[in-house]
Amino acid sequence: MPRDFAVFLGEMIRNPDEVRAIAPSSSGAARLMTAGVEDVSGPVVEIGPGTGAFTKAILARGVAPERLTLLELNPRFCDELREKFPGVTVLNRSAEDIREIGLAGVGAVISGVPVLAKPELQRAVVGRAFEVMGPDAFFTQITYANSSPVTPAMQAELGLSSVKRGTVWANLPPARVFEYRRQPG
C-alpha cells in the first residue's frame with residue numbers, strides 16, 4: 001500500500017484540517033471495524049473512508065459493491081476510491097449529509113470521522129445516521145481515545161448503547177473500536 005500512504009500523506013500535508021489521522025488505518029483495525037457487515041441486509045455506508053482501508057475490508061467480507069456507499073469530503077480521496085473500487089458509490093459529501101443521499105434501511109455505518117469531544121458533530125453525524133438505519137443496524141466508530149468517542153450523555157440523548165469491540169495495538173496510533181446500536185424498547 002505504498003501508493004495509499006503517499007496519497008494519504010500528501011492530503012494530510014495539503015489539508016491538515018480535513019485529514020486528522022497520522023496514518024491510514026491498519027488491516028487489523030479494518031477487520032475489527034467491519035466485523036458483522038456480512039450479516040446485515042440493506043445498504044452499507046462508510047463515512048470518512050480516506051484511502052479505503054475499511055472499504056477494502058467491507059468488500060472482502062462479501063458486501064456487493066453496489067450495496068456500498070462512501071461519503072468522503074476530500075476530492076482526491078474520492079478520485080482514488082472510485083478508481084480502486086469500481087461499482088461502489090463514492091460521494092464527495094459530508095457525513096452529515098447521510099439523510100440527503102436517498103438511502104433508507106441502512107444495515108451498518110462504518111465511521112472514520114473523528115467525533116470525539118464535539119457534541120454537535122456527534123449529533124450531526126451519529127444521530128443523522130441512525131435516522132436512516134434499520135432497527136437492528138449498527139454503527140462502528142474508530143477512535144484513538146480510551147473511552148467512547150460518543151459521550152454517555154449523547155448516547156442517552158440519541159437512545160443508543162455502546163460496546164467496546166476492542167483495541168488494535170498494531171495501528172498507528174493504537175485504535176479502539178466502539179459499536180453503537182439503538183437501545184431496546
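Is Arg-123 buried, partly exposed or exposed, and at what relative accessibility? In this predicted model, Arg-123 counts as partly exposed, at a relative accessibility of 38%; the legends below place this residue and others in their surroundings.

**View 1. A salt bridge joins Glu-157 to Arg-123.** The closest N and O atoms of the two residues are 2.6 Å apart. Glu-157 belongs to helix α6 (residues 152-158) and Arg-123 to helix α5 (residues 119-132), and the pair thereby links distant parts of the chain, 34 residues apart. Like its partner at 38%, Glu-157 is partly exposed, with a relative accessible area of 46%.

**View 2. Glu-38 and Arg-61 meet through their side chains in a salt bridge.** The N to O distance is 3.6 Å. Because Glu-38 lies in the loop between α2 and β1 (44-47), while Arg-61 lies in the loop between α3 and β2, the pair ties together parts that are 23 residues apart in sequence. Glu-38 is partly exposed at 37% relative accessibility, and Arg-61 is likewise partly exposed, with a relative accessible area of 28%.

**View 3. A salt bridge connects the side chains of Glu-179 and Arg-165.** Here the N to O distance is 2.7 Å, and the pair links strand β7, which holds Glu-179, with strand β6 (residues 160-168), which holds Arg-165, across 14 residues of sequence. Glu-179 has a relative accessible area of 15% and is therefore buried, the limit being under 20%, whereas Arg-165, at 21%, is partly exposed.

**View 4. Arg-99, Glu-100 and Glu-131 are linked in a network of salt bridges.** The structure as a whole holds 10 salt bridges.

**View 5. The largest nonpolar core comprises 25 residues.** The residues with the most contacts inside this core are Val-37, Phe-54, Ile-58 and Ile-110. Two or more residues each are contributed by α2 (27-34), α3 (53-60), β2 (68-71), α4 (75-84), β4 (106-111), β5 (133-143) and β7 (175-182), and the largest share, four residues, comes from α3.

**View 6. Ile-110 is shown with the residues that it touches.** When residues up to four places away in sequence are not counted, Ile-110 touches Met-33, Thr-34, Val-37, Val-45, Glu-46, Ile-47, Phe-54, Ile-58, Phe-138 and Thr-140. Val-37, Phe-54 and Ile-58, which appear among these contacts, are also listed with Ile-110 as having the most contacts inside the largest core.

**View 7. A second, separate core contains 24 residues.** Among its members are Val-132, Ala-137, Val-150 and Leu-160.

Methods:
Residues are numbered from 1 along each chain as its sequence is written. This is a predicted model: local features need pLDDT of at least 70, side-chain atom pairs count only at pLDDT 80 or more; totals for chains, interfaces and linings use all residues. Side-chain values use heavy atoms; hydrogens and water are left out. A nonpolar core is a set of buried Ala, Val, Leu, Ile, Met, Phe, Trp, Tyr and Cys residues joined through side-chain atoms within 4.5 Å. Buried means under 20% relative accessible area, exposed over 50%, partly exposed in between (1.4 Å probe, protein chains only). Contact means heavy atoms within 4.5 Å. A salt bridge is a side-chain nitrogen of Lys or Arg within 4 Å of a carboxyl oxygen of Asp or Glu.
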